[in-house]
Amino acid sequence: MITIDEQGRPEPPLADGEAATLLGFLDYQRATLEWKCAGLDAAALGAKTAASALTLGGLLKHMTYVEDSWFSYSLHGQDRQPPWNAVDWKAQPDWDFHSAAEDSADDLRGRWQDAVERSRSLVAETLAAGGLDSPAGRAWSDGGVPSLRWIMCHMIEEYARHNGHADLLRESVDGSVGE
């Protein structure tokens, strides 16, 4: 039985297998970002705080890219899809963060949700085929090949880091606070 907290986030399981625990924590972090961006229009998703150029919309677009990059591109060895394949990442390393200002709130949320669903499907496929020890389908430039376990832990870290940013940004938009 899944417990849902007061913000609509699924609590990670207290006593389950390693894969279910990792998936539980990743889904909790995903739901935290969704909560922090819920109900905001494009102007609010584009709001900045302090001297930072970071926005909630930029975080959504970045995490869309990160989901596709780690699960589709790295884990499954698929080619990058639009819009990621058309970006000159060396010339514009923060393109995902900055280009979000050109997107509507619905597009940003929808593309992120689609990427999360693709990722969930690809993880389930990999777990069924070989489990957490399954190697990524694409090696790093130095020849290293992360396992699904490593990718899952990295994704939890990536969401947790950016959810801290999302806390500050959301508070600056409308005063909403919480975890």
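Which residues have the most contacts inside the largest nonpolar core? In this predicted model, they are Leu33, Leu45, Leu56, Phe71, Met155 and Tyr159, and the core they belong to has 38 residues. Six elements each give two or more residues to this core: helix 1 (18–37), helix 2 (42–45), helix 3 (56–75), helix 4 (95–99), helix 5 (105–129) and helix 6 (148–174). Helix 3 gives the most, with nine residues.

Leu56 offers a helpful close-up. Setting aside its neighbours within four places in sequence, Leu56 is in contact with Lys36, Cys37, Leu40, Leu45, Ala166, Leu169 and Arg170.

Stepping back to the overall fold, the protein chain contains six helices and zero strands, which gives the pattern α-α-α-α-α-α along the sequence. The radius of gyration is 17 Å, close to the 16 Å that the globule rule gives for 179 residues, so the chain is as compact as a globular protein of that length. Taken along the principal axes, the box filled by the C-alpha atoms is roughly 45 × 45 × 25 Å. Among contacts between residues at least 6 apart in sequence, 68% join residues at least 24 apart.

What about the inside and the outside? Of the 179 residues, 42% count as buried. The accessible surface of the chain comes to about 9,300 Å², and carbon and sulfur atoms account for 53% of that area. As for charge, the chain carries 15 positive and 29 negative side chains, and the centres of these two sets lie 4 Å apart.

Notes. Residues numbered from 1 in each chain as written. Predicted model: local features only at pLDDT ≥ 70, side-chain atom pairs only at ≥ 80, totals over all residues. Heavy atoms only, no water. Helix = DSSP H or I, 4+ residues; strand = E, 2+ residues; numbered from the N terminus. Rg over C-alpha atoms; globule rule 2.2 N^0.38 Å. Buried < 20%, exposed > 50% of the residue type's maximum accessible area, 1.4 Å probe, protein only. Contact = heavy atoms within 4.5 Å. Areas by Shrake-Rupley, 256 points an atom, 1.4 Å probe, with all protein chains shown as cover. Lys, Arg positive; Asp, Glu negative; His and termini not counted. Charge placed at Lys NZ, Arg CZ, Asp CG, Glu CD. Core = buried A, V, L, I, M, F, W, Y, C linked by side-chain atoms within 4.5 Å.
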